[in-house]
Amino acid sequence: MVKINLALQGGGAHGAFTWGVLDRLLEEDGIEIAAISGTSAGALNGAALKSGLRKGGRDGARENLDWLWEKLGASDVVTPDWMHPWLPNPGSVSKAVETSLPYVWSETMGRMMSPYAWGPAYRNPLERIVDAFDFDTICGDQGPRFYVGATQVRNGKIRVFTGDKINTQAILASACLPTLFQAVEVKDPETGVTEAFWDGGYTGNPPLFPFFDKELPNDVVVVNINPLHREAIPKTPPEIQNRINEISFNSSLLRELRAIEFVQRLLEQGALQSGSMKAMRVHMIADDDLMNDLSVATKSIPIPSVLTQLKDAGRRACGGFLEQHKGDLGKRQTADLREMFG
């Protein structure tokens, strides 16, 4: 049995891709998930995954992930399996939404109007879903370790919640886009100080440093849903805003991957004594071609057909990764960090 750590990126409704990756991964024998780090949608996926594993094993985890995404907008009633090949191209749907008058109007209002303007009428739409999580299983010592990343507003630093520090507010904080939601306030039970938090994607998408613990395995599988590379130069306002979003939400991950690659080189060159630092092995599951076709519009607006197609794409990407690299897990790295940072 090979043990891995899972790093689950945030990316709004595009996190349905991660749903598909996890759904396929849970079908695979011989792989054990030792730890999960998640931000935003990755935190939601991670919470559903751990809770489901605790309550019903692999099948329970798959059912819990299905429940989560049905609540977030997916529906098997709307998109049965036989219909999947006939669904409209997700890129076309994304462009149609992005250029629609209601979306343009809502984006304009979002830049002009603070979420605090709602006053007492404000309610985070994710709260009712997150409140339904079983936090006894999410926070328990059994099963994979679970880490949730959020950004502290006052000092701009990352905060990682784990163990009994994970609750509804911690997960909402991890998914708090400040243009859409009011900052989530979390009281630190140790200090008694209440701090405000925004989306963890700004400082750790997701945080990898918790995996440096020597008790955890060396293999980290990153599920990437924000494309690292776009060939075309963005020119329209939506394209520019979308690429700014992707770059900012990838920057923290790239910094940690660069640090891992630097340590790898020092160990190989003998500049560091073997065993003095953990020799991480990084693997990545992504579909940049699909994500390049999508835009920020389908991140913020969950469309059942697109969520279904993202799940299918995640299953395919994970299946392809396992077919090519399952035998590499526990032995060698499959992500080319040298080329990424060369």
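**Helix H8, the cores and two buried residues**

Colleague: How many Å apart are the end C-alpha atoms of helix H8, and with what expected span should that be set side by side?

Modeller: Helix H8, where helices (H or I, at least four residues) and strands (E, at least two) are DSSP runs numbered from the N terminus, covers the 33 residues 237–269. The expected span of a helix is 1.5 Å times one less than its number of residues, so H8 should span 48 Å, and this agrees with its end C-alpha atoms, which are 46 Å apart. The model is a predicted one, in which local features need pLDDT of at least 70, side-chain atom pairs count only at pLDDT 80 or more, and totals for chains, interfaces and linings use all residues. Residues are numbered from 1 along each chain as its sequence is written, and side-chain values use heavy atoms, with hydrogens and water left out. The expected value is 48 Å, and the value in the model is 46 Å.

Colleague: At which residue does H8 bend?

Modeller: The bend at a residue is the angle between axes fitted to the seven residues ending there and the seven starting there. For H8 this angle is about 35 degrees, and the residue is serine 251.

Colleague: Which helix gives the most residues to the largest nonpolar core?

Modeller: A nonpolar core is a set of buried Ala, Val, Leu, Ile, Met, Phe, Trp, Tyr and Cys residues joined through side-chain atoms within 4.5 Å, where buried means under 20% relative accessible area, exposed over 50% and partly exposed in between, with a 1.4 Å probe and protein chains only. The largest core holds 64 residues, of which Leu6, Phe17, Phe133 and Ile166 touch the most other members. With 10 residues, the helix that gives the most to this core is H2 (residues 41–72).

Colleague: Is alanine 150 buried or exposed?

Modeller: Alanine 150 lies in strand E3 (residues 145–152), and its C-alpha atom is separated by 8.1 Å from that of serine 40, 110 residues apart along the chain. Leaving aside neighbours within four places in sequence, its contacts (heavy atoms within 4.5 Å) include Phe161, Phe197 and Trp198. With a relative accessible area of 0%, alanine 150 is buried.

Colleague: What is the relative accessible area of histidine 14?

Modeller: Histidine 14 is placed in the loop between strand E1 (2–8) and helix H1 (16–25). Among its contacts, neighbours within four places in sequence left aside, are Ile225, Met291 and Leu310. Histidine 14 is buried, and its relative accessible area is 2%.
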